[in-house]
Amino acid sequence: MLKKITKQKKIVLSNFISLSFLQGANYILPLITLPYLVKVLGIDKFGLVMLAQSVSLFFLIAVNFGFDISGTREIAILKSQKKDISKTFWSIIIIKLALVITCSVILFIIVKSVNRFNENETIYFLSYGVVVGQSIFPDWYFMGIEKMKFVTITNVTAKVIFTILIFLFIKSEQDFYYVPIFNSFGFILAGVLGFSLALRQIKFVLPSKTLIKSLFVDSVSLFIGKFFTNFYTSTNLIILSFFTGDVLVGVYSSIEKLLTAIR
């Protein structure tokens, strides 16, 4: 009994350290690139890039669909039942891929229909790679089996590569397209690495429609809660963009990122 408690404490401590390191990297690395990007790209191009990221954030929430909570819970409950874990894993992956396709169509329609967006439509499509990468990254699976180190290693590696690429290749205002390219590349790389690690433990099992529907329905309330929580905190930049230019959007987003990191 004592050995079991000691082992559980080690697992909790390991996950705590991994998650703390990941959260630290999520705030520190952007702070390193922030002043450089503002200086090199200029505040207007920086604002355009940040606006595209804000738009992608909403699709990111839609594709995650609350599975970072519900998916983690389901995997944790089924921890010792490998076949059931595989069914749950592939059910969630199928749902997320369906959501990616749906969101891709919605993004295309919005960008093509709204003048504010179709002026620089390429930047929005390039930024969408973040959503694609996140859709295949099974962070909920690793959290469920209490292996946060895999989430940390893959995410931090991708973010470090993104940071290095920023300093190596972005040298002038004309290079602003590289920011969403490198950012999307980092997320897709993390997604592929994480998915590959999960496949070492997961076997392909075709899930039933009943299970897929059940997992989808269970996450609806979580998705709605997360969506509206982020709605009033993340729409500021988008709303501002319709009434002002990219310069003010750049000023606002840079200050917001700085305050968020400090907080």
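**Close-up views of a predicted model**

**View A. Lysine 112 pairs with glutamate 121.** Lysine 112 is partly exposed, with a relative accessible area of 40%. Here buried means under 20% relative accessible area, exposed over 50%, and partly exposed in between (1.4 Å probe, protein chains only). The model is predicted: local features need pLDDT of at least 70, and side-chain atom pairs count only at pLDDT 80 or more, while totals for chains, interfaces and linings use all residues. Residues are numbered from 1 along each chain as its sequence is written, and side-chain values use heavy atoms, leaving out hydrogens and water. The closest N and O atoms of glutamate 121 and lysine 112 are 3.0 Å apart, in a salt bridge. That term requires a side-chain nitrogen of Lys or Arg within 4 Å of a carboxyl oxygen of Asp or Glu. Glutamate 121 is partly exposed too, at 23% relative accessibility.

**View B. Further salt bridges involve lysine 226 and arginine 73.** The rule gives a count of 3 salt bridges. In one of them, the side chains of lysine 226 and aspartate 68 meet at 2.3 Å, N to O. Lysine 226 sits in helix α11 (residues 209-243) and aspartate 68 in helix α3, so the pair ties together parts that are 158 residues apart in sequence. Helices are DSSP runs (H or I, at least four residues), numbered from the N terminus. Both partners are partly exposed: lysine 226 at 30%, aspartate 68 at 24%. Arginine 73 bridges to glutamate 74, with 3.3 Å between the closest N and O atoms. Arginine 73 is partly exposed, at 38% relative accessible area.

**View C. Five residues touch the most other members of the largest nonpolar core.** They are Phe89, Tyr124, Tyr141, Ile166 and Ile170, in a core of 66 residues. Helix α2 (residues 43-64) gives the most to this core, with 13 residues. A nonpolar core is a set of buried Ala, Val, Leu, Ile, Met, Phe, Trp, Tyr and Cys residues joined through side-chain atoms within 4.5 Å. Leaving aside neighbours within four places in sequence, phenylalanine 89 is in contact with Pro138, Trp140, Tyr141, Phe195, Ala198 and Ile202. Contact means heavy atoms within 4.5 Å.

**View D. Isoleucine 170 is buried in a loop.** The loop runs between α9 and α10. Relative accessibility of isoleucine 170 is 0%. Not counting residues up to four places away in sequence, its contacts include Tyr36, Leu37, Val40 and Leu41. Tyr178, Val179 and Phe182 are also among them. The C-alpha atoms of isoleucine 170 and valine 40 are 7.6 Å apart, although 130 residues separate the two along the chain.

**View E. Helix α7 (residues 129-136) is largely enclosed by the rest of the structure.** That holds because 6 of its 8 residues are buried. They are Gly129, Val130, Val131, Gly133, Gln134 and Ser135. These residues pack against α2, α4, α6 (121-127), α8 and α10 (178-199). In helix α10 lies glycine 186. Glycine 186 is buried, at 6% relative accessible area. Its C-alpha atom is 9.4 Å from that of threonine 163, 23 residues away along the chain.

**View F. Phenylalanine 65 and glutamate 146 have positive phi values.** Most residues other than glycine have a negative phi. Phenylalanine 65 has a phi of about 55° and lies in the loop between α2 and α3 (67-77). Phenylalanine 65 is buried, with a relative accessible area of 6%. Glutamate 146 has a phi near 60°. Its loop lies between α8 (139-144) and α9 (148-169). Glutamate 146 is partly exposed, at 24%.

**View G. A nonpolar patch lies on the surface.** Its members are Leu31, Val247, Val251, Ile255, Leu258, Leu259 and Ile262, with about 590 Å² of accessible area together. Helix α12 (residues 246-262) supplies the largest share, 6 residues. One residue of this helix, valine 247, is partly exposed at 42%. Patches are made of residues with over 30% relative accessible area and no salt bridge; like charges are joined within 9 Å, nonpolar side chains (Val, Leu, Ile, Met, Phe, Trp, Tyr) within 5 Å. Areas come from the Shrake-Rupley method with a 1.4 Å probe; for residues, only the protein chains shown count as cover.

**View H. Confidence is lowest in helix α1 and highest in helix α4.** The means are 74 for α1 (residues 2-41) and 91 for α4 (residues 82-113). Mean pLDDT of the protein chain is 83, and 95% of its residues reach 70 or more. This score is the predictor's confidence in each residue, from 0 to 100.

Technical notes:
Helix = DSSP H or I, 4+ residues; strand = E, 2+ residues; numbered from the N terminus.
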